Amino acid sequence: MAVPKSKRFPPGNGQDVPPVAARKPFGNQRPQPRQRLEVNGADSSAFEALPFIGPVLAGRLVKFRDALGGFHSVAQLKEVYGLDSLAFAVVSERVEVDASRIRTLCADTASWAALRGHPYIGVQGARAIERYRAAHPLASIEELAAHPPIGDSLMDRWRPYLVCCLCGE
């Protein structure tokens, strides 16, 4: 036997309560301004304090950041598997990036294994850098962009992570 709708939702059932955004803080309390989390220095427990971030996603964020050498932009968080667009929209307002904390690779002296291990460079990029270094002395990072297998688009992605250690850049 079905219960009539009028019996399921009697008057005064909370429908007359104003939405959360319209409610005033309790007493004289003012909402505290949120501190932004600096993602290049945060550990997984700090990431877990953010909304939509559980222990597994926090671990993925730390692992990806460590593999990159650090984030240079908040938008890079979107590349982490499991962080959907809604979560990114909320989290991106609560984090900041200190690009000075990025670990860089020496494009002129780094081993093939070190270059290959970077998520953006990979095997193909490491091979292209190795071939260029074998044929030409590297005088600046920008020379790599002129190398056809690399080009401008890859160089734009690699630029925050590569430096030329022996050429004085």
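**Salt bridges in this model**

Okay, let's start with one residue: arginine 65 is buried, at a relative accessible area of 8%. Keep in mind, everyone, that we're looking at a predicted model here. So who does this arginine pair up with? Arginine 65 makes a salt bridge with aspartate 66, and their closest N and O atoms sit 3.3 Å apart. Now, is aspartate 66 buried, partly exposed or exposed? Aspartate 66 comes out as partly exposed, with 38% relative accessible area. The cut-off for buried is under 20%, so that's the label arginine 65 gets.

How many salt bridges are there in total? The count is six, and I'll walk you through a few of them.

Next up is arginine 133 with glutamate 130. Here the closest N and O atoms are 2.1 Å apart. Both residues lie in helix α6, which covers residues 122-135. They're three residues apart, and that's about one turn of the helix. Glutamate 130 is partly exposed, by the way, at 28% relative accessibility.

Now for a pair that reaches across the chain. The side chains of arginine 159 and glutamate 142 form a salt bridge, 2.9 Å from N to O. This one links distant parts of the chain, with the two positions 17 residues apart in numbering: glutamate 142 is in helix α7 (residues 142-146), while arginine 159 is in the loop between α8 (151-158) and β4 (162-163). Arginine 159 is partly exposed at 32%, and glutamate 142 is partly exposed too, at 42%.

And that pair has company: Asp156 joins Glu142 and Arg159 in a network of salt bridges.

Note on methods. Residues numbered from 1 in each chain as written. Predicted model: local features only at pLDDT ≥ 70, side-chain atom pairs only at ≥ 80, totals over all residues. Heavy atoms only, no water. Salt bridge = Lys/Arg side-chain N within 4 Å of Asp/Glu carboxyl O. Buried < 20%, exposed > 50% of the residue type's maximum accessible area, 1.4 Å probe, protein only. Helix = DSSP H or I, 4+ residues; strand = E, 2+ residues; numbered from the N terminus.
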